[in-house]
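Visitor: I'd like a close look at a single part of this structure, namely the aromatic rings in chain A and how they pair up. Could you walk me through it slowly?

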Amino acid sequence: MSRHRRSEGKKGGIRRAENNKIYAHPIPLVFLQSYVALGLSRHIVLNPCCEGYWDPLTRSVWVTNPKDSAILWQRGFFGKGNLSRSEPSWLSRQVNARKAALSGKVTSEEITTKRREQRKRFKMDRANAIAAAAAEAEEAFRTGKTVTSSIIIPSGATWKPAEKTPEKGPPTISQSNNRQEEDSGDLNSIVDVEHLQLTPQEAFFLIWCFDCLSIMSPQTDEGMSLQEIWIAFQTCYMDQRGLNPEPALQLRPDNPFLVNYVAYHHYRSLGWTIKSGVKFCVDYLLYKRGPVFDHAEFALLICPTYEDLADSDSPTRGTRDISWSWLSTINRVNSQVMKTLILCYVTIPSSALVTTEMLGSPKCLAYYSVREVTVRRFIPARMRD
Amino acid sequence: MRSWSGRGGGELHWVCVMTGGSKRWESRSPARVHCAQLSTLIGVGGDESLPTGGSGVRWSPSIFTPEMEKHPSFSAVSHLLKKYPNVGGALFQTYNDLSLGNSLCSSVHLLVTDLRRARLCLIDGVGQGWKDVEVLDLQTCSRPALKGVRPGTDASLYVLPCWLSENLTMSLIHRAFEDMGDVQEVYMAITAEDSSIVYYKLSRGLVKPQL
């Protein structure tokens, strides 16, 4: 990881300094020191008081206010823009695409696009070189001569793009010359259809631990109480949402929300930044500071285990059949991207111990426990020392 | 997320991995993908029953949040959101990603049905590039699906949205292939709650990688 930093040089240093400034606060609350007297200091806590909407259909909390979404992203990397890779950057990408000259603010998606195009070109060059070398070898075999091949097969480390490809500006450049007046007006009128999407776990963590988020109910458009939020988050994972049953009758300790929340809360309170791990076939990715700073070091797989085996045939049971083939493939994927796989065993208390009434309040989380096991592939031939 | 018993998947061989959210396409070599990525596909369960809306529950339309109803993509998908509440969220997110998602593609005109979207259209809606995104209702498997034209190609591609936590079966996938007109390839859009989407390409038979 540090070798990337060294190769970036001065430009990387500037970017890092900027990032340190923008992402200075690790949590949404900001502590200001108001005065220091007699060795005691007094802190004022600034609470951003963000607002979100609970959407049971997509099982997420939407934060549509751009200021709130910026705060939640910059202070703790909560949430994800629903039309972007991470930070809600859809609007700036639209604006960039329409301007003839890039505004200078390159979004992460654009950097990734360039990188992937280069990689694609490299792969085509390599494929062509391999094909040419094979053709030469065939020729040599056929004619019986031995030919010293002059074809070099490019490697990823040394390849450079052959010619400077023309700057691939937005295709509308040539067409839009007569529409420039329209465009400049339209730039201001682009409606931002993106929002920041928080998972139920992130949203509950923000509400319960920092009290910096309030959630509006879809039906009444009023703020939901903590109790309502807790019940709603659990109910949305059950098949019979949409009705208004007595949800308390159906709550079970192995609810996916509870199990995921236990792990989320555990690692967040230890200071890790947690993002979704679906791209690497795991549940969560743990970042030391944030996705902006460095790649995730750990990939977390949640393995729920029942304390009481009689509970294990329940309707909400998420059957994670832990077989060796499954585990080793996930390990392979993650070691390919240099992440350490962690199995996080969340113990689900027995339903006799944690009754449905207890599940109506977050106090039931005390009955869950978390254990971690790190998985590394052991290759006897290589790990002799 | 479940494990995948790839042994039974005689018709699932080549899987292209495409990371979603902003929908980029890249392929991996077959050996790696077959062992690693296949097993991360949503698992093959033993039981045929799917968490469709058919537990006798009718979706109450008032469940739609005002934010969703205001969203430009709502009118295109609302009828299926009501019919299939359990996968409606996945459908909505996938539809958004395909039609609105990443930019830097060729200019696209979104299907216009109301004035708000007409405004997006005038500005040369630079969306994901998927043109003519249509919403389909697959009868046999009781699921919604999407169809569209990817930039740079002419053929229409089919996308099956689903949740990460869902339990799919091979028979469902077979029926989906049939319902979509016996196509050779279907893309599965696996959505997560934070709106990450991962696209997997399912093909019939053995397919060589492109690069």
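Guide: Sure! One term before we start: a strand here is a DSSP run of E with at least two residues, a helix is a run of H or I with at least four, and both are numbered from the N terminus. Keep in mind, too, that this is a predicted model.

To get used to the naming, take A:Leu46, which lies in strand β2 (residues 40-46) of chain A. Together with A:Leu32 and A:Ile44, A:Leu46 makes up a nonpolar surface patch of about 240 Å² of accessible area. Chain A as a whole has 12 helices and 12 strands, and 43% of its 385 residues count as buried.

Now for the rings. Over all chains, the structure has 20 aromatic pairs. One of them is A:Tyr23 with A:Phe77: the ring centres are 5.1 Å apart and the planes meet at 25 degrees, so this pair counts as stacked. The two partners sit 54 residues apart and link distant parts of the chain. A:Tyr23 is in the loop between α2 (10-22) and β1 (30-37) of chain A, while A:Phe77 is in the loop between α3 (66-74) and β5 (80-81) of chain A. Both A:Tyr23 and A:Phe77 are buried.

Next, compare A:Phe204 and A:Trp208. Their rings form a tilted pair, with 5.7 Å from centre to centre and 35 degrees between the planes. This time both residues belong to helix α8 (residues 200-210) of chain A, 4 residues apart, or about one turn of the helix. Here's a handy bit of background: an α-helix has 3.6 residues a turn, so residues three or four places apart point the same way.

How covered are these two? A:Phe204 is buried, because its relative accessible area is 0% and buried means under 20%. A:Trp208 has 35% relative accessibility, so this residue counts as partly exposed.

That pair also belongs to a wider group. A:Phe204 and A:Trp208 join A:Trp54, A:Trp230, A:Phe233, A:Phe257 and A:Tyr261 in one aromatic cluster.

Rings can have charged neighbours as well. The charged end of A:Lys339 sits over the ring of A:Phe280, 4.7 Å from the ring centre. Another example involves both chains: the charged end of A:Arg59 sits over the ring of B:Trp163, 4.9 Å from the centre of that ring.

Terms used. Residues numbered from 1 in each chain as written. Chains lettered and ligands numbered in written order. Predicted model: local features only at pLDDT ≥ 70, side-chain atom pairs only at ≥ 80, totals over all residues. Heavy atoms only, no water. Patch = residues over 30% accessible without salt bridge, like charges linked within 9 Å, V, L, I, M, F, W, Y side chains within 5 Å. Areas by Shrake-Rupley, 256 points an atom, 1.4 Å probe, with all protein chains shown as cover. Salt bridge = Lys/Arg side-chain N within 4 Å of Asp/Glu carboxyl O. Buried < 20%, exposed > 50% of the residue type's maximum accessible area, 1.4 Å probe, protein only. Phe/Tyr/Trp six-rings, centres within 6.5 Å; stacked < 30°, edge-to-face > 60°. Lys NZ or Arg CZ within 6 Å of the ring centre and 35° of its normal.
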